[in-house]
Amino acid sequence: MTKYEQLARQLQGQIAAGAWQPGDRLPSLRESARRADLSLMTVLSAYQLLESEGWIRSRPQSGYFVAEPPASTIEHSPPSLQPAENVDINAFIFKLLQAGDDPSCVALGSAFPDPSLFPRQQLARSLGRVARQLHRQGTGVSLPPGRIELRRAIARRYAARGMRVSPDEIVITSGALEALNLGLQSLTAPGDWVVVESPAFYGALQALERHRLKAVAVATDPVLGMDPDALAEALERYPVKACWLMSHCQNPLGGTLPAARKPRLLALLARHDVALIEDDVYGELYAGDEPPLPIKAWDGEGRVLHCASFSKTLGSGMRIGWVAAGRQAEAVQRLQLMSTLSASAPMQLALADYLAGHHYDKHLHTLRRTLAQRKQRFCRAVQRAFPPSARLHGAEGGYFLWVELPAPVCTTRLYWRALAEGITIAPGRMFATDDRYRHCLRLNTSLPWNSRSDAAIRRLAELIGEQLA
């Protein structure tokens with residue numbers, strides 16, 4: 001279990017044993033963090049997990065209290081599904097991303113980590129070595145499935161985690177989004193139903209629109225991930241052909257699927273013969289010492305298409321991703337041959353050279369530590385500046401903070417007001433086929449904490465206050 005799960009289970013045991021009675025106020029987040037020697041975000045995630053399970057309740061400006069009645073007697077609402085036969089979101093996404101594409105802005109709405117965190121000099125040396133080799137050997141050409149040097153390096157990283165993934169199953173792509181799109185295209189035809197998360201990564205919604213697919217958005221919890229009961233209902237009610245979900249540091253919620261849910265979700269999909277597109281671009285940005293296993297680790301049938309990239313760990317400009325495509329590997333290669341042909345051969349070779357030097361894991365260790373420190377700093381600032389009723393989500397790992405604001409707030413309106421003052425956010429409307437998250441926003445916490453980011457958070461809080469006035 002993760003640290004926040006361990007803390008949650010410890011508190012749950014205390015409540016069940018009667019150490020905490022219904023109505024008792026739990027220690028504050030800061031007090032619990034100090035007592036347990038944990039980060040504020042770890043304690044917050046533990047409390048939110050207990051709240052989602054019905055053990056405790058939060059009260060604005062008062063803290064967390066043991067729930068009344070006991071959790072075992074609480075009747076939960078039916079699983080939430082949001083079907084959409086016509087996904088129409090790309091124009092809205094395009095408008096927002098184009099408007100916010102200004103390097104002078106405080107990029108709290110960016111989906112990419114702070115570029116200063118990447119090992120640019122080491123990557124440049126690898127690229128230089130590869131360029132000299134290509135100059136002697138001629139222009140580098142690569143057809144699907146991509147350069148064997150890089151596919152073997154990626155396969156070895158799977159093996160280090162106890163997973164058997166053959167280089168022949170791996171297809172190198174121009175970033176993870178191409179891997180995800182090719183996987184989706186290999187599994188579906190226009191008019192098919194696809195399960196996505198709610199809220200979902202907007203790139204998934206754009207892909208459904210592009211391929212003229214229908215969406216079933218399944219309730220996804222910031223701590224627990226996709227609801228298995230809701231997924232089961234979706235699979236019973238709709239002829240689903242594929243499921244697309246993020247297993248780690250989900251965008252936009254920031255949460256990671258608990259290990260116990262991963263095989264359960266996969267078993268549900270297998271029962272209905274539905275393939276899984278596992279979007280794991282943030283998988284290397286986990287918290288703690290042990291990397292969580294992807295759902296692919298439980299896949300014995302080649303049903304999971306595990307997609308990842310180096311964009312979030314080595315730089316968005318790398319544009320190198322991959323898919324461990326299982327039984328869809330050949331179909332993905334044929335589709336790639338008809339579209340982009342291949343990812344950049346020099347970049348593939350440069351990455352293989354870099355990975356061979358054993359620098360990557362050291363870099364990842366530093367990157368994860370820095371991101372955790374910055375997220376904690378942003379979390380404290382948002383809690384201090386935003387309305388007390390604002391709820392923060394973003395379990396350990398990654399660099400996204402999902403903020404639920406009071407219902408009257410419209411974060412799309414907030415986006416335009418903030419943009420006029422040089423601040424970007426990601427409004428909740430980007431992550432759904434309807435307006436159910438219009439009061440939510442996603443913040444990028446990878447930015448360095450300085451006077452500009454501090455002023456941006458304070459100004460956002462003022463603009464939110466104007467809507468609540």
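Student: What makes Pro 27, Val 43 and Tyr 47 contacts of Ser 32?

Tutor: The cut-off is heavy atoms within 4.5 Å. In this predicted model, Ser 32 touches Pro 27, Val 43 and Tyr 47, once residues up to four places away in sequence are set aside. Ser 32 itself lies in helix H2, residues 29-36.

Student: Why is Ser 32 called buried?

Tutor: Its relative accessible area is 11%. Buried means under 20%. Ser 32 has 11%, so Ser 32 is buried.

Student: How many of the residues of the protein count as buried by that cut-off?

Tutor: Of the 469 residues, 56% count as buried. The protein still exposes about 20200 Å². Carbon and sulfur atoms supply 50% of that area.

Student: What makes the protein as compact as a globular protein of its length?

Tutor: First, what is in the fold: 16 helices and 17 strands. The radius of gyration is 22 Å, and the globule rule gives 23 Å for 469 residues. The two values are close, so the protein is as compact as a globular protein of that length. Along the principal axes, the C-alpha trace spans about 70 × 50 × 40 Å.

Student: What share of the contacts with a separation of 6 or more joins residues 24 or more positions apart?

Tutor: Such pairs account for 76% of those contacts.

Student: Now the internal spaces. How many cavities of 30 Å³ or more does the structure hold?

Tutor: There are two. A cavity is a space where a 1.4 Å probe fits but cannot get out. The largest cavity has about 90 Å³ of space. Its lining has 15 residues, and Glu 197, Thr 220, Gly 225, Met 246 and Gln 250 are the closest to its centre. Strands S7 (214-221), S8 (225-226) and S9 (240-246) each give two or more residues to that lining.

Student: How do the residues lining the largest cavity divide by class?

Tutor: Eight are nonpolar, five polar and two charged. Gly counts as polar in this scheme, so Gly 225, one of the residues closest to the centre, belongs to the polar class.

Student: And the second largest cavity: which residues line it?

Tutor: That cavity has about 60 Å³ of space. Its lining includes Gln 82, Val 196, Glu 197, Ser 198, Pro 199 and Ala 200. Leu 205, Ala 215, Ala 217, Phe 431, Ala 432 and Thr 433 are also in the lining. Strand S6 (193-198) and S7 give two or more residues to it. The largest share, three residues, comes from S6.

Student: What is the class make-up of the lining of the second largest cavity?

Tutor: Eight residues are nonpolar, three polar and one charged. Glu counts as charged, so Glu 197 is the charged one.

Student: Why is a pocket not called a cavity?

Tutor: The test is the probe's escape: in a cavity the probe cannot get out, whereas a pocket is an open set, so the two names do not overlap. The second largest pocket holds about 1100 Å³ of space. It is lined by 47 residues, and Leu 97, Ser 110, Ala 111, Phe 112 and Tyr 202 lie nearest its centre.

Student: Which elements give two or more residues to the lining of that pocket?

Tutor: They are helices H4 (90-99), H7 (176-187), H8 (202-210) and H11 (311-314). H8 supplies the largest share, five residues. By class, the lining has 24 nonpolar, 15 polar and eight charged residues.

Conventions
Residues are numbered from 1 along each chain as its sequence is written. This is a predicted model: local features need pLDDT of at least 70, side-chain atom pairs count only at pLDDT 80 or more; totals for chains, interfaces and linings use all residues. Side-chain values use heavy atoms; hydrogens and water are left out. On a 1 Å grid over the protein atoms alone, a cavity is a set of points where a 1.4 Å probe fits but cannot get out, and a pocket is an open set with protein on both sides within 12 Å along at least five of seven lines; lining residues have an atom within 4 Å of a point. Grid points are joined across faces, edges and corners, and a volume is the space filled by probe spheres set on the points. Helices (H or I, at least four residues) and strands (E, at least two) are DSSP runs, numbered from the N terminus. Buried means under 20% relative accessible area, exposed over 50%, partly exposed in between (1.4 Å probe, protein chains only). The radius of gyration is taken over C-alpha atoms; the globule rule is 2.2 Å times the number of residues to the power 0.38. Accessible areas come from the Shrake-Rupley method with a 1.4 Å probe; for residues, only the protein chains shown count as cover.
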